[in-house]
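Trainee: I should like to learn how each structural term is justified by its definition. Please take me through the reasoning step by step.

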2 protein chains.
Amino acid sequence: MPLELLRTPPPKERSDAARNRAAVLDAAARLFAERGVEAVTMDQVATAAGVGKGTLFRRFGDKAGLAAALLDARERVLQQAILEGPPPLGPGAPNAKRAVAFVDAYLDHLLEHVALVRMSETAAPGARYRIGAYRFWHRHLAILLDGTPDPEHASHAVLAALAAEHVAAILPDVGEKRLRAGVRRLVASVAAAPPCQEDPS
Amino acid sequence: MPLELLRTPPPKERSDAARNRAAVLDAAARLFAERGVEAVTMDQVATAAGVGKGTLFRRFGDKAGLAAALLDARERVLQQAILEGPPPLGPGAPNAKRAVAFVDAYLDHLLEHVALVRMSETAAPGARYRIGAYRFWHRHLAILLDGTPDPEHASHAVLAALAAEHVAAILPDVGEKRLRAGVRRLVASVAAAPPCQEDPS
DNA sequence: AGTGAGAACGGACTATAGTCCGGTTCATGG
DNA sequence: CCATGAACCGGACTATAGTCCGTTCTCACT
C-alpha cells in the first residue's frame, strides 16, 4: 500500500470525469461568449453541459475556479514566454526592460479577457491572491525589481494596478492608451526609485 | 452616490424613519464588532434592530451601503483634516509631503477598519469606484501629483495599492511595517518620477 | 469475463442577498 | 380633532451560489 501512495504523478483521471470536464469547459466558453460572464448562472452551465451541479462544483470549486480553468491555457502561454521566450519578455534583457515588457504583455492578456479575469479574481473574497497565477506574476516581478528596497511589496503594488477590478473601473475614465502608458511609467518609476529618491523626512 | 443618500437631505426625515435608521446603525455596529463583518447576515441585522428587511435594504441599498454608512463619520473626519487641517496633511506643505502624509493617514484609517472598508468596497462589483469617498481621495491625490505626466492615472495607481482587498491580502505576508514603508516609497517614487526617469525605449 | 473498492455523478437541499407590494404611520391642512 | 396623501414599514418571495449524500460507473485485479 505505501508504495501506491508514493506515486508522484497525478492519479489518472477517469474517463467519465475527463469527458465531463471537457463538456463543462466547452459549454462555459460558449455561454460566456454569447451572454457575458456575469449573466450566466452556474445552473445554466451545468444544464448546457449535460451535467449536474454537484459535478460542476466539485470539479471547479466555484465560479472563480471555472473562469480560471478557462484562462489556464492562455496564462500558460504567457508564463512560458516569460520563462523561455525571447527578450525583452524572456530572459536576456536588463531587469527594468523585462519588467516593462511584462506589464505590456500582461495588459495584452488582461484586456483581451477582462470579464473572465475579473470573475476569476473577484468571485470569492481574496481569490486573486490565492490562485497560482498571481503567485507566479508576483514572484517574477519581485525578482525583476530586485534592486528596490522591498521588491516583494513593490511587486504587489504594481500588480494592484493590474487587478481586473481596478482596470475595468478606470478604463472608461482614462482609456486604453493612457492606461498602458500609466502602468509603464509606474513600473519604470518603481524600478528606478532607489537611485534618485533620497529624502527621508 | 450613496454619500448623497447618507446626508440628511433638505426634505425633512420622518421621525419613524430616523428612529429606524439609528436603530439599524446601532445594531449593525454592535453585531459587526461582536462577530465580524463577514459572519453577520442582513437578516440578523434587521432582526437585532427590530426592523424588517425591506426597511434595511431601502435605507442602505445593500451590505456595502450599510458598511459605508458606518464608516461615514470617520471618513469625514479625515476629509476635513485634508481640506482644512494643519500641514502636512492639510494645505500648506509641499505637494509631495502632503501626498505622503495622506497615504499615512489613509492607512491609519484603513487598518483600523479593514473588514468594514473591505465590505464597503467589495460587496457589489466595482462598488469602490462609485462611492463618493473614492472620488474624493482620487481627486485629492491627483491634485497633489500634479507634476506627473498623468496625475489621474498615478492617483488611481496609488489608490490601487490602498484597496482594502489588496491590503488585507498582503498584510499577512509583509506585515504592517513593510506595508507602510512600501506605500510611502511608492507614492514618493511616483511623485518624483519625471525628473529622474529618462529612457523611452 | 467477473468483481469489489472507491471515485464520480447529479439533483434535491440550504443559506443568503436583494425585491415587491399591501398595509400602516406620520405630517399637514381644514 | 379628523381627513388625506405621501412616505415608510415589514415579511413573504425570488434568484443564485454552493453543499450533501445516496446512487452509478470505472478500472485494476483476479
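Mentor: Let us begin with the contact between the two domains of chain A.

Trainee: How do you know that domain 1 of chain A and domain 2 of chain A are in contact?

Mentor: Two residues are in contact if their C-beta atoms, placed from the backbone, lie within 7 Å. Nine residues of domain 1 of chain A are in contact with 10 residues of domain 2 of chain A. On the domain 1 side, H2 and H4 of chain A each supply at least two residues, and H2(A) has the largest share, with four residues. That side of domain 1 divides into eight nonpolar residues, one polar residue and no charged residue. Here Ala, Val, Leu, Ile, Met, Phe, Trp, Tyr, Cys and Pro count as nonpolar, Asp, Glu, Lys and Arg as charged, and the others, Gly among them, as polar. Please note that this is a predicted model: local features need pLDDT of at least 70, side-chain atom pairs count only at pLDDT 80 or more, and totals for chains, interfaces and linings use all residues. Residues are numbered from 1 along each chain as its sequence is written, while chains are lettered from A and ligands numbered from 1 in the order in which they are written.

Trainee: What are the bounds of domain 1 and domain 2 in chain A?

Mentor: Domain 1 covers 14–60 and domain 2 covers 62–195; such bounds come from an automatic or database domain assignment. The C-alpha centres of these two domains of chain A lie 28 Å apart.

Trainee: How many helices and strands does the secondary structure of chain A have?

Mentor: Chain A has 11 helices and zero strands. Helices (H or I, at least four residues) and strands (E, at least two) are DSSP runs, numbered from the N terminus.

Trainee: What makes B:Ala101 buried?

Mentor: A residue is buried if 20 or more other C-beta atoms lie within 10 Å of its own, exposed if 12 or fewer, and partly exposed in between, with C-beta atoms placed from the backbone. B:Ala101 has 22 other C-beta atoms within 10 Å, so B:Ala101 is buried. B:Ala101 is found in helix H6 (residues 95–112) of chain B and touches B:Pro88 and B:Leu89, not counting residues up to four places away in sequence. In chain A, buried residues make up 36% of the 201 residues.

Trainee: Which residues have the most contacts inside the largest nonpolar core?

Mentor: They are A:Val158, A:Val187, B:Val158 and B:Val187, in a core of 106 residues. Domain 1 (14–60) and domain 2 (62–195) of chain A both give residues to this core, so the core lies between them. The name fits a set of buried Ala, Val, Leu, Ile, Met, Phe, Trp, Tyr and Cys residues joined through C-beta atoms within 7 Å. Leaving aside neighbours within four places in sequence, A:Val158 is in contact with A:Val103, A:Leu141, A:Leu186, A:Val187 and A:Val190.

Trainee: How many residues does the contact take from chain A and from chain B?

Mentor: The contact takes 33 residues from chain A and 33 residues from chain B. On the chain A side, helix H10 (151–160) and helix H11 (164–196) give two or more residues each, and H11(A) gives the most, with 18 residues. By class, this side has 20 nonpolar, eight polar and five charged residues.

Trainee: How do you know that the copies meet through the same surface?

Mentor: 100% of the interface residues of chain A are also interface residues in chain B, so the copies meet through the same surface.

Trainee: By what turn and shift can chain A be laid on chain B?

Mentor: A turn of 180° and a shift of 0.0 Å along the axis lay chain A on chain B with an RMSD of 0.1 Å. That is the relation of a two-fold axis. Copies are superposed by least squares on the C-alpha atoms of residues with pLDDT of at least 70 in both.

Trainee: Which residues are the closest of those that surround DNA strand C?

Mentor: The closest are A:Asn20, A:Gly52, A:Gly54, B:Gly54 and B:Asp62, among 23 residues that surround this strand. A residue is near a strand if its C-beta atom, placed from the backbone, lies within 6 Å of it. H4(A) gives the most to the surface near DNA strand C, with four residues. That surface has six nonpolar, seven polar and 10 charged residues.

Trainee: How many residues surround DNA strand D?

Mentor: The number is 23, and the closest are A:Ser15, A:Gly54, A:Asp62, B:Gly52 and B:Gly54. The surface near DNA strand D divides into six nonpolar, seven polar and 10 charged residues.
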